Amino acid sequence: MTINERAQQLVNEFSYFDDWTDKYNYIIEMGKQLPQIDEQYKIPNYTIQGCQSQVWLHADFNNGKVYFTADSDAIITKGIIAILIKVFSDATPDEIINADLSFIDEIGLKEYLSPTRSNGLLSMLKQMQMYAYAFKNKK
């Protein structure tokens with residue numbers, strides 16, 4: 001499945017909810033289902049700068065694709081990174097770098113997040129793209 005297909009699937013999932021409270025609950029559930037990051041990556045080197053909460057993000061590169069794991073000390077933030085991992089994991093560096101990010105607006109993330117969480121979301125996206133650039137340049 002491509003990034004665009006996963007993003008569209010996510011947009012469809014969020015369209016089932018009538019109000020933002022239900023969407024928040026869904027984001028929290030996604031965070032609870034996020035596979036645990038290995039404890040060795042819960043150190044400052046893997047912390048995303050610009051997030052109000054602590055967020056750790058690690059990426060592996062196997063067979064030409066990037067795979068992300070993450071964790072956060074805040075439940076909503078953990079759900080937000082889970083959304084991004086669902087869309088961007090198992091993609092090539094070029095796919096991540098060139099991804100259409102309109103799904104973020106379509107599900108209402110920017111609109112309903114506080115300014116600090118919106119900044120954190122942008123920091124998460126930036127870090128994922130930086131990993132993709134690093135893996136692309138490593139080839």
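**Notebook: helices H1, H2 and H3, and selected residues**

I looked up Asn63 first and found that it counts as exposed, since its relative accessibility is 83% and the cut-off for exposed is over 50%. I note that the model I am reading is a predicted one. Asn63 sits in the loop that joins strand E1 (55-62) to strand E2 (65-72). I then checked its backbone: phi of Asn63 is near 50 degrees, which is a positive value in a residue other than glycine.

**Entry on Asp90**

I turned to another residue with positive phi. Asp90, which follows H3, has phi near 70 degrees, and it too is a residue other than glycine. I located Asp90 in the loop between H3 and H4. Its relative accessible area is 32%, so I recorded Asp90 as partly exposed.

**Entry on helix H1**

I next examined H1, which runs over residues 3-15. H1 has 13 residues and spans 18 Å from its first C-alpha to its last, close to the 18 Å expected at 1.5 Å a residue. I listed its buried residues as Ile3, Arg6, Ala7, Leu10, Val11, Glu13 and Phe14. These residues cover an arc of only 160 degrees around the axis, and therefore they lie on the same side of H1. I recalled the general rule that an α-helix has 3.6 residues a turn, so residues three or four places apart point the same way. I then asked which helices the buried residues of H1 pack against. They pack against helix H2 (20-32), H3, helix H4 (93-97) and helix H5 (102-106).

**Entry on H1 with H3**

I looked up how H1 and H3 meet. Their axes come within 7 Å and cross at roughly 140 degrees. H1 and H3 are therefore oblique to each other. From H1, the contact is made by Ile3, Arg6, Ala7, Gln9, Leu10, Glu13 and Phe14, and from H3 by Ile83, Lys86, Val87 and Phe88. Sorted by class, this contact of H1 with H3 holds seven nonpolar, one polar and three charged residues.

**Entry on helix H3**

I then considered H3 by itself. H3 has 14 residues and reaches 20 Å from its first C-alpha to its last, close to the 20 Å expected at 1.5 Å a residue. Of its 14 residues, 12 are buried, so H3 is largely enclosed by the rest of the structure. Among the buried residues of H3 I noted Ile76, Lys78, Gly79, Ile83 and Phe88.

**Entry on H1 with H2**

I compiled the same items for H1 and H2. They pack at an angle of about 130 degrees, with their axes 10 Å apart. H1 and H2 are therefore oblique to each other. Leu10, Glu13 and Phe14 of H1 make the contact with Lys23, Tyr26, Ile27 and Met30 of H2. By class, I recorded five nonpolar, no polar and two charged residues in the contact of H1 with H2.

**Entry on Lys23**

I followed one residue of H2, Lys23. Is Lys23 buried or exposed? With a relative accessible area of 14%, Lys23 is buried. Not counting residues up to four places away in sequence, Lys23 touches Phe14, Phe17 and Ile107.

**Entry on Ser123**

I closed with Ser123, which lies in helix H7 (residues 115-138). Ser123 has a relative accessible area of 16% and is buried. Leaving aside its neighbours within four places in sequence, I found Ser123 in contact with Ile48, Gln49, Gly50 and Cys51. Ser123 and Gly50 are 73 residues apart in sequence, and 5.8 Å apart in space from C-alpha to C-alpha.

Conventions: Residues numbered from 1 in each chain as written. Predicted model: local features only at pLDDT ≥ 70, side-chain atom pairs only at ≥ 80, totals over all residues. Heavy atoms only, no water. Axes fitted to C-alpha atoms, helices over the stretch in contact; angles between N-to-C directions. Helix = DSSP H or I, 4+ residues; strand = E, 2+ residues; numbered from the N terminus. Parallel < 35°, antiparallel > 145°, perpendicular 65-115°, else oblique. Contact = heavy atoms within 4.5 Å. Nonpolar A, V, L, I, M, F, W, Y, C, P; charged D, E, K, R; others polar. Expected span 1.5 Å × (residues − 1). Buried < 20%, exposed > 50% of the residue type's maximum accessible area, 1.4 Å probe, protein only. Arc of directions from axis to C-beta.
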